[in-house]
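Trainee: I have a list of labels I want to challenge. Can we test each one against its cut-off?

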Amino acid sequence: MTPMIRAQNITKTYVSKGIETRVLRGISLHIKKGEFVAIMGRSGAGKSTLLYQLSLLDTPTEGKIFLSDEDTSNLSNEERTRFRLHRLGYVFQDYALIPDLTAIENVMIPLLMQGMSQKKAEEKSLKSLERVELSHRKDNLPSELSGGEQQRAAIARAVVHTPDIIFADEPTANLDTVSSKAVLDLLLELHKKGQTIVMVTHEEEYGALAERIIRLSDGVVVS
Amino acid sequence: MKRIHTFRSVIRVAFFLGIRQIRRANPWTTVLIIFIMALTFLNLVVVSGILVGLIEGSESAYKEKYSGEIFITKPQTKDFIENSPALLSVLENLPEVKAYSPRILSGGNIEANYHNRLINVAPNSVSAGLSGIDPILEDKTTGLSEGIVRGIYLDPLDNDGVLVGSNLLEQYSVVPGDIISLLKNTDIGSKILITIGGSSKEYTVRGILNLKVDDITLRVFMNKSELRLLSGGQNANVSQIAVRLKNPTETSALFVKNVLLGNGFGDTANIKTWIEAQPKFLKDIKVTFAILGNAISSIGLVVAAITLFIVIFINAITRRRYIGILKGIGIDEFAIELSYVIQSFFYAVIGTTIGLIAVYGFLVPSFLAHPIDFPFSDGILVAPIGPTFFKVGLLVLTTIIAGYIPAKMIVRRNTLEAILGK
């Protein structure tokens, strides 16, 4: 079976004021379709950096990343943007909702960009909000939602266009225990329906919920 | 990869984002920006409009109070329009003509307080133009009586009275006496001695005229028959005819002019429409003021552009993280940039609409009803539709560019760095 994500010898080096910092050192990995993988490691291990490379938010210094067997290393900026729009979903640590848009508008925006009509986008977004039990707050601005509600709205946005992979970067970091559990339950539910999920977390308890854990230390996969 | 980002979806997302940003922006900020746009537009239109209006006020006064729509003058080489009675007879019978005023012109010396003048003291006198008019026809044609600022209008049977232009008299003139010669201590009721060649006669000042037209304020008016007598003229010819038309348009004026030329009067007189008759210096000043007005206004335009640039730049830079997130989830960069352009466009359109309402709904009518009382002109606000809408376009275009550049600067930054707030 073709892996959903295939990374080959990924390195990432940052240069600041002439000083090179090698954050990822030749990482290779495979993630299968429908797999729920947690990337774990201590602070500074390079787990978020790896997620940014895999999710096409950043470009590795060396190495290749294949998503659904498509080599992403030769994609232009515009093509990477399009790839993210149609094939990937994101859940960020601090929710990353647009403050001028209501919950439903935040969810709708990728659909509108895909060319869907406003009416259809609204219907589909409402269903997505229903899935995360937030339809009753659809017309609220992010500032009117609690942290847990904002993260649920972010998950609704991440899944509304049925992406191939969802990337979640510390999705529970800013949440209390109850809200964290609700968010993880949502991710697990999506996984059960066949969704490929890659989640970065430093919480052992939450990482244990994933199907597989990739542990990083000093920019290399240790297990 | 199949291209699905159609231009349509980019536009739609841009409007979706732009409209919501405007709707949910701080209302006071929005009001302030729109206020700046409206003021900039007013600056663009009003500054040059008033400068041009100053001269247009002069031109209008010249036409209304002196030349009429058709202005017939003697050839430079002659003293009179030959065969004037025939020309006046044609004017009398032309259905397009509402009124006309034949005038005799002469130059002379005017002296006041001559009864008490001491031998070694310079006379209180000026050299000035003299106009011999038919007071009734003149008033019908140019409304000269409306220019009386003191005293009474000339009676057709008054052979001893004159009207004196305000800029010949020290106490009424807007030009200081050290620049031009002025009659001192002369007012209504004063006796003045008018001399033409070797002929002199004493007259009484009946009224003072001020119509902000030099050809009136620097002249003395008396009955035509009286001037003819004083200047020794023997025939019935006149020097100048102002013609007022029923339809005071350029087309109508050209038609009447052509009729007169067709009757052969072009050989004995200069026949001009009021536009052709306007003094050249007025036309030159009008062009100069228009250039000056546009130069001053363009500074306002630059200030508005910088203001909007700063507003959009601050707006975009404080939202750069959200811009990064939008890019991160796959929103086209151009859609985000366009959302800021839509905001700029909104501010410009609302601002100029308010400006247009202020100009055409309030300022232009107000200036017409109450012109600014400048010493040499009744200043009005000139805002022709074509150039005004050109300025609307210019302001909108400037604000679009001023909105696009900062948006582009912020949007093109690295997506991940923007998301991480770096």
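## Labels and their reasons

Trainee: Why does B:Glu64 count as partly exposed?

Mentor: B:Glu64 has a relative accessibility of 34%. Partly exposed runs between 20% and 50%, so B:Glu64 falls in that class. Keep in mind that this is a predicted model.

Trainee: What is B:Glu64 joined to through salt bridges that share partners?

Mentor: One network joins B:Glu64 with B:Lys63, B:Glu69 and B:Arg244.

Trainee: How do you know that B:Lys63 forms a salt bridge with B:Glu64?

Mentor: Their closest N and O atoms are 3.7 Å apart. The limit is 4 Å, so the pair qualifies.

Trainee: Is B:Lys63 buried or exposed?

Mentor: Buried. B:Lys63 has 12% relative accessibility, and the class takes anything under 20%.

Trainee: How many salt bridges are there over all chains?

Mentor: The search of the whole structure finds 33.

Trainee: What makes A:Lys119 and A:Glu123 a salt bridge?

Mentor: The N to O distance is 3.7 Å. That is within 4 Å, so the label holds. Both residues sit in helix H4 (residues 118-131) of chain A. They are four residues apart, about one turn of the helix.

Trainee: Which exposure class does each of the two get?

Mentor: A:Lys119 is at 62%. Exposed means over 50%, so A:Lys119 is exposed. A:Glu123 is at 44%, so A:Glu123 is partly exposed.

Trainee: How do you know that A:Arg215 forms a salt bridge with A:Glu204?

Mentor: The closest N and O atoms are 3.0 Å apart. The cut-off is 4 Å, so the pair counts.

Trainee: What does the pair A:Arg215 and A:Glu204 tie together?

Mentor: A:Arg215 lies in strand E9 (residues 212-217) of chain A, and A:Glu204 in helix H7 (residues 204-207) of chain A, so the pair ties together parts that are eleven residues apart in sequence. A:Arg215 is at 27% relative accessibility and counts as partly exposed. A:Glu204, at 45%, is also partly exposed.

Trainee: Why is helix H1 (residues 47-54) of chain A called largely enclosed?

Mentor: Seven of its eight residues are buried, so the rest of the structure largely encloses H1(A). Among the buried residues are A:Lys47, A:Tyr52 and A:Gln53. A:Leu56 follows H1(A) and has a positive phi, near 65°.

Trainee: Where does A:Tyr95 lie, and what is its phi?

Mentor: A:Tyr95 is in the loop between E6 and helix H3 (103-114) of chain A. Its phi is positive, about 75°, although A:Tyr95 is not a glycine. A:Ala96 is found in the loop between E6 and H3 of chain A. A:Ala96 also is not a glycine and has a positive phi, about 55°.

Trainee: Why do A:Tyr95 and A:Ala96 get the label buried?

Mentor: A:Tyr95 has a relative accessible area of 10%, and A:Ala96 has 1%. The cut-off is under 20%, so both are buried.

Trainee: Why is H2(B) called roughly antiparallel to H9(B)?

Mentor: The axes of helix H2 (residues 27-67) and helix H9 (residues 280-318) of chain B cross at roughly 175° and come within 9 Å. Angles over 145 degrees count as roughly antiparallel, so H2(B) and H9(B) earn the label. Their contact has 19 nonpolar, nine polar and three charged residues.

Trainee: How many cavities of 30 Å³ or more are there?

Mentor: The count is three. The largest holds about 70 Å³ of space. The second largest holds about 40 Å³.

Trainee: Which helices each supply at least two residues of the lining of the largest cavity?

Mentor: H4, helix H5 (147-159) and helix H6 (177-192) of chain A. H6(A) gives the most, three residues. By class, this lining has five nonpolar, one polar and three charged residues.

Trainee: Which residues line the second largest cavity?

Mentor: Its lining includes A:Arg84, A:Tyr90, A:His161 and B:Ile329. Strand E6 (88-91) and H5 of chain A each supply at least two lining residues. E6(A) gives the most, with three. The classes are five nonpolar, two polar and two charged.

Technical notes: Residues numbered from 1 in each chain as written. Chains lettered and ligands numbered in written order. Predicted model: local features only at pLDDT ≥ 70, side-chain atom pairs only at ≥ 80, totals over all residues. Heavy atoms only, no water. Salt bridge = Lys/Arg side-chain N within 4 Å of Asp/Glu carboxyl O. Buried < 20%, exposed > 50% of the residue type's maximum accessible area, 1.4 Å probe, protein only. Axes fitted to C-alpha atoms, helices over the stretch in contact; angles between N-to-C directions. Parallel < 35°, antiparallel > 145°, perpendicular 65-115°, else oblique. Nonpolar A, V, L, I, M, F, W, Y, C, P; charged D, E, K, R; others polar. 1 Å grid on protein atoms, 1.4 Å probe; cavity = no way out; pocket = protein on both sides within 12 Å on 5 of 7 lines; lining within 4 Å. Points joined across faces, edges and corners; volume = space filled by probe spheres on them.
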